Every structure is written in structure tokens, then in C-alpha cells.
Amino acid sequence: MAEKPPLSRLLILFLMVASLFVPAVLSTSRRGPTKVVPQGIRVDLTHVDAGKNYSKIQLLQRGIKRGHRRFEGFRASTSMVLAAEEGNENVQVPTHAGNGEYLMSISIGSPPLAYSAILDTGSDLIWTQCKPCQECYKQPTPIFDPSKSSSFSKIPCSNPLCDALPTSTCSDNCEYVYSYGDYSSTQGILASETFTFETSSDKVSVPNIGFGCGESNQGSGFSQGGGLVGLGRGPLSLISQLGSGKFSYCLTSIDDTNTSPLLFGSLASLNQTGAISTPLIKNSAQPSFYYLSLEGISVGGTRLDIPKSTFELQSDGTGGLIIDSGTTITYLEEKGYKLVKKAFVDQLNLPVSKDSSTGLDLCFSTPSGTTSLSVPKLVFHFDGGDLDLPADNYMILDSASGLLCLMIMDSSGLSIFGNMQQQNMQILYDLEKGMLSFAPTQCAHL
């Protein structure tokens, strides 16, 4: 008769096999609960105007209008932080940018209820509208009813996630108010739920995600979805709660019918050649934003005489350049933008148009029947590498009007690297290494 294996060996074998079936592991530290997701997660992103039969220039114009409001939200956030630091007691901070350009489909609860949420790399809180609604806007999917979910629980005031809220009160539960720069807001109870991420070929459920169960939600900026998923750097964001340490996305062209992949964990890796990496800069005044160190810009092979300090993050928290998925075009500090504009005017042998119908600042008139043009190369010099942008990422030719326009505009107090400039690049946010990487990619094939 064969000898039986010792009990210790059987226990080890059992634990090894059992671990293969655990979708997420919850560990606890002084900083609060952290979920470690062993497998990668993929979520498909859809542009907010997808399927609405707009032309490319119309899609851009709609995005620019939303982007202007979002940009003002970013600026308002910085201004309020400064005002609070100067002792103005009437200022409530922080205010977040709000809005966004991409929707992600997720499910919440047990059994899971599917809804569309706005993806926002400029804020942290995950939230959805909840019954009973005191004040809720009309959303495209059913409003979440916590009484019908077996996995719903309210988060106590002692939980670190409650401490991480910018504005909260505690009675029996952790109650929050989260405001945005366009004067939208969500108010409700901080709770815990199971979130399910599903694509056509995969489904992953993660328990104990902290989120805002919004019972009073005001503003017109969120009507495309049933809530918002924050992917900022704070503890309330989805990336922080998943504990996967990194995520990436790859945005298809604005007029492409394909969805854009959002990847977490092991799936968020770059294998392409030609990738460049640059450090993620932290701003203590705005800890959720992803700042990059932009050192210069070249147009047509000539590096412009832009002082390095133009895009530097200042000691008071102003200035700097952030990368943002929810802002359509790039905004550059005025001194730098003027030099970029002048370089394109000097190098493009085309008349400058006074037609402002596109909503962009710099447009050129092209000969009748023009379908394509050669344009000067545009290179962003980041700390660690040079990003050579494809022409479609910074110039747009509208065949109907004959206008060729630069998809960059001026700003003051803050610069933003927008999503038009990020198209067809896989962009990796590696929070553990504090690095951001760009890799040219055909996103529709990823």
C-alpha cells in the first residue's frame, strides 16, 4: 500500500488549488482595505458622442465646448486651493474638474446591475445615483437600488475611505458631498459594493469597492451616464482601491466606431517598440492630478525658444502640465502657445483664416478640393523622452469648409495634454514606479 502524504502537504496543496479560484484578495493595513486583483481586467470605453452621426469636425466642436468647461473646472480647483491657503474661510475645497469624454460599462451589486459611468482621470470618487433619490437627473440606465443587493453595506465613519473624502459628516453613517468645477455635485452615503467588469470575453467581480451612493445629484455634466468612476491618484479612486498599481488606456480616433480598451493590472503593459517614459510629478495642492514635466516643444524640426519654466509646476501649486483623458484638446500656457502658433504660421504656406466656426484659435484656408496636406512635425520634449505626434493628433482638415486647424489652444495658470493628442497611443500609468509611458499603437486592434 502506498504511503499517505503528510497532512501538512495536503494543506499546502489545498491552499494552492483554492487560490486559483479567488478573483480578488482583500488585505487590511493602516491605510485601509486594499484589493489585490491577480488577473488583469479589461473594460471597453465608448466616446460620449459615439453613434450620434456627427462628422469628425462636429465631434471635435462638441468636445471642445465640454473641454472648455472642464478646463475652467481645473482652474477653479487650483484657485480655490490657493484661496483656502490664504485664509479665506468661505472657500470650500477641493473642487474637481467634472465631466469627461469616455464612458465605461460596469455592473454594481448582487445581482449585478449594469450602468454606464463617466471615466475621469481628474478626480477620485466612484459614485452612482441611488434610490431613494431626493434629487436625481435622468440617466440612460436604471438607478441603483441598494435594498435589492445582497452585497451592499454602508461604510462606517471609522473607515479610512471616509477620512479620504474632501467633505464628509458622520452620524450613523459616512455622509459625503463631492463637488465639481462646473457646479455639479453628488451627495449621499459612502458605501461598499461588489463591482463587476465585463467584456465580450471576460468577467471579473471585485468585492468591497468603496463608492458614493448619491441620493442628491445636481448639474448637467453627468447626463451621459449614471455616475462617474474616478481614476485619480487618491485613495478613493478605482485604481487605488484595486491595488493593481497600474492601468493603461488606448483611445481610438474620435470618429472611429471601435471602442477603446482600458486595462488594469497584468494586462496594462507595453510590449511595443518606440515607447517613451516620463516621471509622474506630484502636486501637494492637487494630489489627484497626473502632472508631467514638459521641457520644450519643437515644430518642423526646430526647437522653440520656450523657457523651461513656462510649463513648470510652481511651489504654490499653480502651473505645470497635466495629462487628462477628459479634456478634448491640448491647452498650453500662453507664452508657450504663442510661439507654437507663430511657428505653424511661419512654416505652413497657407493663409490664416478668420473663420472661428470650428471653435479653434488657429485655422488655415486650403485650396478647393484639398483632401490631404503635409504639415510641420510637432514634438513634445518630456523629461525622459521626446513624443513625436502623428499629424492627425494635432491638425484637423475639414473638407466641407476647407479649413485646416491646429487642435491646441492657449491657457493661463495650467496646461493640459488632451485626449486628441493621445489618440492611437497606449498610455501606461505606472503608479508604483511613478512613471507614465507612451507607445504608438493601433488602438482598435489592441
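How much area does the chain expose, and what share of it do carbon and sulfur atoms supply? The chain exposes about 20000 Å², and carbon and sulfur atoms supply 51% of that; accessible areas come from the Shrake-Rupley method with a 1.4 Å probe, and for residues only the protein chains shown count as cover. Before you start clicking, note that this is a predicted model, in which local features need pLDDT of at least 70, side-chain atom pairs count only at pLDDT 80 or more, and totals for chains, interfaces and linings use all residues. Residues are numbered from 1 along each chain as its sequence is written, and side-chain values use heavy atoms, with hydrogens and water left out.

**The whole chain**

Start with a cartoon view. The chain has 5 helices and 29 strands; helices (H or I, at least four residues) and strands (E, at least two) are DSSP runs, numbered from the N terminus. Of the 446 residues, 52% are buried, where buried means under 20% relative accessible area, exposed over 50%, and partly exposed in between (1.4 Å probe, protein chains only). Now think about contacts, meaning heavy atoms within 4.5 Å. Among those between residues at least 6 apart in sequence, 70% join residues at least 24 apart.

**Stop one: strand 9 and Tyr178**

Select residues 174–179, which form strand 9 and include Tyr178. Show the side chains and look at the two faces: Cys174, Tyr176 and Tyr178 are on the covered one, while Glu175, Val177 and Ser179 are on the uncovered one. In a regular strand the side chains alternate between the two faces of the sheet.

Next, bring in the neighbours. Two strands pair if DSSP finds at least two bridges between them. Strand 8 (residues 168–170) pairs with strand 9 in the antiparallel sense over 3 bridges, and a hairpin through 3 residues joins the two. Here Thr169 stands opposite Glu175. Strand 10 (residues 185–198) also pairs with strand 9 in the antiparallel sense, over 5 bridges; the bridge partner of Tyr178 there is Thr186.

Zoom in on Tyr178. Is Tyr178 buried or exposed? Tyr178 counts as buried because its relative accessibility is 2%. Its side chain has a polar atom 3.2 Å from the backbone nitrogen of Asp124, and the backbone nitrogen of Leu125 lies 3.5 Å from a polar atom of that side chain. If you like, draw a distance from the C-alpha atom of Tyr178 to that of Gly188, 10 residues away along the chain: it comes to 9.1 Å.

**Stop two: a four-stranded open sheet**

Now select strands 18, 17, 22 and 23. They form an open sheet of 4 strands in the order 18-17-22-23, with antiparallel pairing. Strand 18 (302–303) and strand 23 (385–389) are the edge strands, each pairing on one side only.

Inside the sheet, strand 17 (residues 294–299) and strand 22 (residues 378–382) pair over 5 bridges. Label Gly296 and you will find its bridge partner, His381, in strand 22. Add helix 5 (residues 334–347), which packs on the sheet and touches strand 17 and strand 22. The helix direction makes about 15 degrees with that of strand 17; axes are lines fitted to C-alpha atoms, for helices over the stretch in contact, and angles run from 0 to 180 degrees between N-to-C directions.

Move on to strand 23. Strand 22 and strand 23 pair over 5 bridges, with Asp388 as the bridge partner of Val379. These two strands form a hairpin with 2 residues between them, and Gly384 in the turn has a positive phi of about 110 degrees. The covered face of strand 23 holds Gly385, Leu387 and Leu389, and the uncovered one holds Asp386 and Asp388.

**Stop three: aromatic rings**

Finally, show Phe, Tyr and Trp as sticks. Their rings (for Trp, the six-membered one) pair if their centres lie within 6.5 Å; planes under 30 degrees apart count as stacked, over 60 as edge-to-face and the rest as tilted. By this rule there are 17 aromatic pairs.

Pick Phe344 and Tyr394: this pair is tilted, 6.0 Å centre to centre, with 55 degrees between the planes. Phe344 sits in helix 5 and Tyr394 in the loop between strand 23 and strand 24 (395–398), so to find them you look 50 residues apart in a pair that links distant parts of the chain. Both Phe344 and Tyr394 are buried.Then select Phe417 and Phe438, whose ring centres are 6.0 Å apart and whose planes stand at 75 degrees, so the pair is edge-to-face. Phe417 belongs to strand 27 (residues 415–417) and Phe438 to strand 29 (residues 435–440). Both residues, Phe417 and Phe438, are buried. For a last selection, take Phe247, Tyr249, Phe264, Tyr290 and Tyr429, which form one aromatic cluster.

Terms used: A polar contact is a pair of N or O atoms within 3.5 Å; within protein, one must be able to donate a hydrogen and the other to accept it, and residues adjacent in sequence count only if both atoms are side-chain atoms.
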